[in-house]
Amino acid sequence: MRALVMALVVSAAAAVPALAGTYTEESIKDYLAPLAAEHKTEEERRGLEIYKKQYLLDEGWKTLESRLEMILMDAAGRESRRTVVKRVIEDGSQPDKTLGVFLEPADVRGTIMLTFEQSYGSDEQWLFLPSLTRTKKINAENKSGSFVGTEFSWEDISTTELTKFHYRYLRDDGDTWVVERTPVYKFSGYVREVTWVNKDNYQTVKIDYYDKKGDVLKTQVMESWQQYEGRYWRPLRLEMTNHVNHKKTVINLTPYRVRIDVDHKMFSSLGLDQIRLSEFSVIAKQ
């Protein structure tokens, strides 16, 4: 790790491809200014700089789609599985939106999750429950609760918008930088997160989540990374381990489809009950 932030910037420019898309350091200057003002020490500025590079490199993909196999393991090692199709749309003039459609097993088939990214505060999230034939909004105060029985919480599957955290560089650790992220939004279930960021591509590869008592509650590891369009990196395996109840959730993803045609009308909390599962079932079998 360089001793000065400027050295880090120079090193970063050499390590990653030229920035593309519509976001540049100049275009996010006003967005970033209030956050930068809160980062006063060299360690804080260094941590923010690392995550700013990640933010800039991860913009411009427009639409994504992947199939997820979720494996839920209890403390005794017993497993249950779920199949989900995820679609994401990126629109610079609006919040990014994520749609997750559950297809298997039968008891969760037709459950649909919708997330609207927010730059400040909790993301807006809805859950359509076919058994009740209604959509409910997830209360911001309940984001630390389990996401449909997995070891991921609603907060964990929300977006990691740059402005949602305060950053502090901790140390070098081989091929990664270790950076502390402290949630600055209300109702977070964590007092801090310690993250490991790959030096080559600026992707977060591991996160330790600390509870209100200051203990490590959970650890997430992101593996099997794949690059798209020579720029965008996504992990194809996520593993969340709960150190309190000793349960684990593994998510295996198929390679993403990028820039696909999607019906934006699907991404509405008022129309989740109208989504045709047959369209997503075809994807799940591919």
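The exercises below work through a predicted model of one protein chain.

**Exercise 1. Take stock of the chain**

Find how many helices and strands the protein chain has, and what share of its residues count as buried.

Solution.
- Start with the elements. The protein chain has four helices and 14 strands.
- Next, burial. Of its 286 residues, 49% count as buried.
- Then the surface. The accessible surface comes to about 13800 Å². Carbon and sulfur atoms hold 50% of that surface.
- Last, contacts in the protein chain with a separation of 6 or more. Residues 24 or more positions apart account for 49% of them.

**Exercise 2. Place strand β10**

Decide whether strand β10 is largely enclosed or not, and work out which strands pair with it.

Solution.
- Locate the strand. β10 spans residues 204-210.
- Check burial. Six of its seven residues are buried, so β10 is largely enclosed by the rest of the structure.
- Look at strand β9, residues 192-198. Six bridges join β9 to β10, and the two run antiparallel. Thr195 has Ile207 of β10 as its bridge partner.
- Follow the connection. β9 and β10 form a hairpin with five residues between them. In that turn, Tyr202 has a positive phi of about 65°.
- Turn to strand β11, residues 216-228. β10 and β11 pair in the antiparallel sense over five bridges. Here Asp208 stands opposite Thr219.
- Follow the second connection. The hairpin of β10 and β11 also has five residues between the strands, and Gly214 takes a positive phi near 90°.

**Exercise 3. Describe the surroundings of Thr219**

Determine whether Thr219 is buried or exposed, and which side chain its own side chain meets in a polar contact.

Solution.
- Place the residue. Thr219 lies in strand β11.
- Apply the cut-off. Buried means under 20% relative accessible area. Thr219 has a relative accessible area of 11%, so it is buried.
- Find the polar partner. The side chain of Thr219 makes a polar contact with the side chain of His243, at 2.7 Å.
- List the neighbours, leaving aside those within four places in sequence. Thr219 is in contact with Lys206, Ile207, Asp208 and Tyr209 among others. The list also includes Glu239, Met240, Thr241 and His243.

**Exercise 4. Link His166 to helix α3**

Identify the side chain that makes a polar contact with the side chain of His166, then describe α3.

Solution.
- Place the histidine. His166 is found in strand β7, residues 165-173.
- Read the contact. Its side chain meets that of Glu44 in a polar contact of 3.0 Å.
- Widen the view, not counting residues up to four places away in sequence. His166 touches Glu38, His39, Glu44, Glu180, Arg181, Thr182 and Val184.
- Now the helix. α3 covers residues 42-57. The 16 residues of α3 reach 23 Å from first C-alpha to last, close to the 22 Å expected.
- Check burial. Of these 16 residues, 13 are buried, so α3 is largely enclosed by the rest of the structure.

**Exercise 5. Map the nonpolar cores**

Find which residues of the largest nonpolar core touch the most other members, and which elements give two or more residues to this core.

Solution.
- Begin with the general tendency. In soluble globular proteins, nonpolar side chains tend to be buried together.
- Pick out the hubs. In the largest nonpolar core, of 27 residues, Met70, Phe102, Phe147, Trp154, Leu238, Ile251 and Leu253 touch the most other members.
- Name the elements. β1, β2, β10, β11, β12 and β13 each give two or more residues to this core.
- Add the other core. Apart from the largest lies another, of 19 residues, among them Phe165, Tyr167, Trp177 and Tyr202.
- Zoom in on Phe102. Its contacts beyond four places in sequence include Met70, Val84, Val108, Phe147 and Val148.

**Exercise 6. Spot the backbone exceptions**

Locate the cis peptide bond, and say where Lys62 and Phe187 are found.

Solution.
- Take the cis bond. It joins Glu104 and Pro105, with omega about -5°. Pro105 sits in the loop between β3 and β4.
- Take Lys62. Its phi is near 75°, a positive value in a residue other than glycine. Lys62 is in the loop between α3 and β1. It is partly exposed, at 38% relative accessible area.
- Take Phe187. Its phi is positive too, about 70°, although it is not a glycine. Phe187 is in the loop between β8 and β9. Its relative accessible area is 36%, so Phe187 is partly exposed.

Key. Residues are numbered from 1 along each chain as its sequence is written. This is a predicted model: local features need pLDDT of at least 70, side-chain atom pairs count only at pLDDT 80 or more; totals for chains, interfaces and linings use all residues. Side-chain values use heavy atoms; hydrogens and water are left out. Buried means under 20% relative accessible area, exposed over 50%, partly exposed in between (1.4 Å probe, protein chains only). Two strands pair if DSSP finds at least two bridges between them. A polar contact is a pair of N or O atoms within 3.5 Å; within protein, one must be able to donate a hydrogen and the other to accept it, and residues adjacent in sequence count only if both atoms are side-chain atoms. Contact means heavy atoms within 4.5 Å. A nonpolar core is a set of buried Ala, Val, Leu, Ile, Met, Phe, Trp, Tyr and Cys residues joined through side-chain atoms within 4.5 Å. The expected span of a helix is 1.5 Å times one less than its number of residues. Accessible areas come from the Shrake-Rupley method with a 1.4 Å probe; for residues, only the protein chains shown count as cover.
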